[in-house]
Amino acid sequence: MAVITASGLARTFTTKRGTVEAVRGIDLTAERGEILGLLGPNGAGKTTTLRMLTTLLAPTGGSATVAGCDLARDPAGVRRSTGYVAQSGGVDPNVSVREELVTQGRLYRLPKAEAAARAEELADALGFDGLLDRKCAAMSGGQRRRLDIAMGLVHRPAVLFLDEPTTGLDPGSRAGLWELVRRLRTDFGTTVVLTTHYLDEADALADRVVVVDQGVVAAEGTPRALKTEYTGSPDASLQDAFLAITGRGPAPADTIPVAV
Ligand SMILES: Nc1ncnc2c1ncn2[C@@H]1O[C@H](COP(=O)(O)OP(=O)(O)OP(=O)(O)O)[C@@H](O)[C@H]1O
Ligand SMILES: [Mg+2]
């Protein structure tokens with residue numbers, strides 16, 4: 001059975017100026033050990049979808065299961081099995097990196113010694129082992145992003161949701177994160193759903209991508225299948241396919257009106 005299933009998942013926000021249909025009915029599935037890329041233009045509904053799948057936001061329509069738990073009926077079960085790295089991180093600037101990681105481990109009921117060991121292990125895997133005793137506020141943007149990612153991994157979740165995990169990371173850290181995501185899959189069978197605006201990243205990392213536009217799924221498939229279907233060539237870039245899917249690419253030369 002699929003580790004994630006969403007059916008008609010929707011979220012409408014009511015604001016003073018009216019209603020915003022952020023997500024208008026999304027169907028998606030992900031299998032155990034799959035790396036799923038969630039792509040889409042700014043405002044497409046990616047973050048809203050992830051916030052629903054992690055129980056942080058109640059859907060206004062549709063249903064979903066994550067790791068065998070129904071979002072509406074067993075939100076605690078969903079939370080136990082998932083890790084979430086938000087688009088903007090949420091670490092406390094005033095405590096040390098080690099403290100932040102250990103507290104997170106304790107929140108997930110790890111014994112003290114195990115939480116401490118896990119903090120060291122993750123810092124090592126994500127390349128900030130030299131920074132454990134610094135205050136979170138004293139980390140650079142990219143270092144803090146790596147800490148955000150470690151926070152989502154403390155309890156070894158079966159499903160990991162990463163919202164733009166590599167924005168602001170230097171090329172070495174980005175490669176390190178790709179490596180880590182692949183290792184989570186091979187070592188633990190972790191299912192990873194990640195959003196990114198770097199289409200070379202989605203191409204390299206994702207087994208399958210779902211392109212969301214204006215709150216609905218506009219296309220879905222392996223990067224290779226999408227390239228072939230939307231550009232005619234498997235050797236095209238995923239960016240070309242994305243632009244064709246979302247209709248935001250430059251107009252083909254022969255459709256540009258010529259003044260006579
Ligand atoms: N709390 C809210 N109240 C009203 N509108 C919201 C709220 N949260 C999100 N939206 C709107 O819902 C739409 C989808 O937002 P969302 O953050 O899911 O987009 P996104 O695909 O993650 O975009 P980005 O690539 O810029 O991160 C946007 O139009 C956004 O303005
Ligand atoms: Mg977003």
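In the predicted model, Y84 is in contact with T47, L50, R51, T54, L56, G152, L160, F161 and D163, leaving aside its neighbours within four places in sequence. Y84 is found in strand β6, and with a relative accessible area of 21% this residue is partly exposed, given that the buried class ends at 20%. The C-alpha atom of Y84 is separated by 27 Å from that of T246, a residue 162 positions away along the chain.

The strand that carries Y84 belongs to an open sheet of six strands, arranged in the order β6-β7-β8-β3-β9-β10 and paired in a mixed fashion. Strands β6 (82-85) and β10 (216-221) form the edges of this sheet, each of them pairing on one side only. On average, and with direction ignored, neighbouring strands are turned by 15 degrees against each other. Helix α1, which comprises residues 46-53, packs on the sheet and touches β3 (35-39), β6, β7 (159-163) and β8 (191-195), while the direction of the helix makes about 150 degrees with that of β7.

Strands of a sheet pair through backbone hydrogen bonds, in either a parallel or an antiparallel sense, and examples of both senses occur here. Strand β3 is joined to β8 by four bridges, the two strands running parallel, and within this pairing T195 of β8 is the bridge partner of L38. The pairing of β3 with β9 is likewise parallel and extends over four bridges, with L36 standing opposite R208 of β9. By contrast, β9 (residues 208-213) and β10 run antiparallel and are joined by five bridges, and here V211 stands opposite A219 of β10.

The environment of β3 was examined further. Five of the five residues of this strand are buried, so β3 is largely enclosed by the rest of the structure. The burial applies to both faces of the strand, with I35, G37 and L39 on one side and L36 and L38 on the other, all of them buried.

Two ligands are described in relation to helix α1 and its surroundings. The magnesium ion (ligand 2) is coordinated by OG1 of T47 and OE1 of Q87, at 2.0 to 2.2 Å. Because T47 lies in helix α1 whereas Q87 lies in the loop between β6 and α3 (97-107), this pair ties together parts that are 40 residues apart in sequence. Both coordinating residues fall in the partly exposed class, T47 with a relative accessibility of 25% and Q87 with one of 40%. T47 is also among the residues in contact with Y84.

Ligand 1 has 15 residues around it, of which G43, K46, T47, T48 and H197 come nearest. T47 thus appears both in this group and among the residues that coordinate the magnesium ion. Several short distances involve oxygen atoms of ligand 1: one such atom is 2.7 Å from an N or O atom in the side chain of K46, and an oxygen atom is 2.8 Å from a polar backbone atom of G43. For N42, an N or O atom in the side chain is 2.9 Å from an oxygen atom of the ligand.

Away from the ligands, attention was given to R118, which lies in helix α4 (residues 112-125). At 7% relative accessibility R118 counts as buried, and its side chain reaches the backbone oxygen of V154 at 2.9 Å. Not counting residues up to four places away in sequence, R118 touches L110, L153, V154 and R156.

The backbone of R156, one of these contacts of R118, was considered together with that of T55. Most residues other than glycine have a negative phi. R156, although not a glycine, has a positive phi of about 45 degrees; this residue is placed in the loop between α5 (141-153) and β7 and, at 43% relative accessibility, counts as partly exposed. T55, also not a glycine, has a positive phi of about 70 degrees and lies in the loop between α1 and β4 (61-66). In contrast to R156, which is partly exposed, T55 counts as buried at 17% relative accessibility.

Technical notes:
Residues numbered from 1 in each chain as written. Chains lettered and ligands numbered in written order. Predicted model: local features only at pLDDT ≥ 70, side-chain atom pairs only at ≥ 80, totals over all residues. Heavy atoms only, no water. Pairing = 2+ DSSP bridges. Axes fitted to C-alpha atoms, helices over the stretch in contact; angles between N-to-C directions. Contact = heavy atoms within 4.5 Å. Donors = N, O, S within 2.8 Å, 3.2 Å for Na, K, Ca; no water. Buried < 20%, exposed > 50% of the residue type's maximum accessible area, 1.4 Å probe, protein only. Near = heavy atom within 4 Å. Polar contact = N/O pair within 3.5 Å; in protein donor to acceptor, adjacent residues only side chain to side chain.
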